[in-house]
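User: I'm new to this one and would like to know how the labels people use for it are earned. Can you take me through it?

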Amino acid sequence: ELEVVPLNGLKLSSQLGLTDAKYTDLPDDTQFIAAQLIDEDSRFVYTPKATVSFAAEYVTLVSANLLATGRVDYAHKSTIHYDIANSPLNRQNPYGLLNARLTFDHEGAGWSVSVFGTNLTNEHYIIGGFDDADTPNPGLGFAFVNMAPPREWGVSAQWRF
């Protein structure tokens, strides 16, 4: 992690995560379903090898009691497998997400209003799924994936008392 404050009110940050997960001791019991699905080359479920993120946040006083905060962040993940068999249908290729938020906060009155956007580049990516056909004993032979939300915009208001 790295955080830098080059100017008063401006904060820049970055994070990097690297994971080298490996199966080293596999069960010999062929009755155990995982023993039929994984080997030493299998990738861990929900475990990207690399994640990286960057963010910039700027806070400034607009008036005596009104604070404005702008934030932009980007996060990237490498390939993710969503089932133990590492099915190609449940594999998410590398992707990145861009988000932004602008908040006005009135410190004296206790209220704040924000406008925000998530997934601004409208990435289409999966966050899970199931592939029955890629198991040792397929049942119905179907597969599905759960898609993440598309680009979203919104406004939020908060009142603290």
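Analyst: Sure, here are some questions and answers about this predicted model.

User: Why is Tyr46 called exposed?

Analyst: The cut-off for exposed is over 50% relative accessible area. Tyr46 comes out at 52% relative accessibility, so Tyr46 counts as exposed. You'll find Tyr46 in the loop between helix H1 (33–37) and strand E3 (50–61).

User: And Asn86, how do you know whether that one is buried or exposed?

Analyst: Buried means under 20%. Asn86 has a relative accessible area of 14%, so Asn86 is buried. Asn86 sits in a loop too, between strand E5 (80–81) and strand E6 (91–92).

User: What makes the phi of Tyr46 worth pointing out?

Analyst: Most residues other than glycine have a negative phi. Tyr46 is not a glycine, yet its phi is positive, about 60°. Asn86 isn't a glycine either, and its phi is positive as well, about 55°.

User: Which residue takes a positive phi in the hairpin of E1 and E2?

Analyst: That's Gly9, with a phi near 95°, in a hairpin that has two residues between the strands.

User: How do you know that E1 and E2 pair?

Analyst: Two strands pair if there are at least two bridges between them. E1 (residues 2–7) and E2 (residues 10–18) have four bridges, in the antiparallel sense. So they meet the definition of a pair. One of the partnerships puts Leu2 with Ser14 in E2.

User: Does the same test work for E4 and E7? What is their count of bridges?

Analyst: Strand E4 (residues 66–77) and strand E7 (residues 95–106) share twelve bridges, again antiparallel. With at least two needed, they count as a pair. Lys77 stands opposite Tyr95 in E7.

User: Why are E1 and E11 said to stand at the edges of the sheet?

Analyst: The open sheet has seven strands, in the order E1-E2-E3-E4-E7-E8-E11, with antiparallel pairing. E1 and strand E11 (152–159) each have a single partner strand, so one side of each is left without a neighbour in the sheet. On average, neighbouring strands here are turned by 15° against each other, direction ignored.

User: What makes E1 "hardly covered"?

Analyst: Of its six residues, the number that are buried is zero.

User: Which residues make up the largest nonpolar core?

Analyst: There are seven: Ile80, Tyr82, Tyr95, Leu97, Tyr125, Ile126 and Ala148. To be in a core, each has to be buried and joined through side-chain atoms within 4.5 Å. Setting aside residues up to four places away in sequence, Ala148 touches Tyr125 and Ile127.

Conventions. Residues numbered from 1 in each chain as written. Predicted model: local features only at pLDDT ≥ 70, side-chain atom pairs only at ≥ 80, totals over all residues. Heavy atoms only, no water. Buried < 20%, exposed > 50% of the residue type's maximum accessible area, 1.4 Å probe, protein only. Contact = heavy atoms within 4.5 Å. Axes fitted to C-alpha atoms, helices over the stretch in contact; angles between N-to-C directions.
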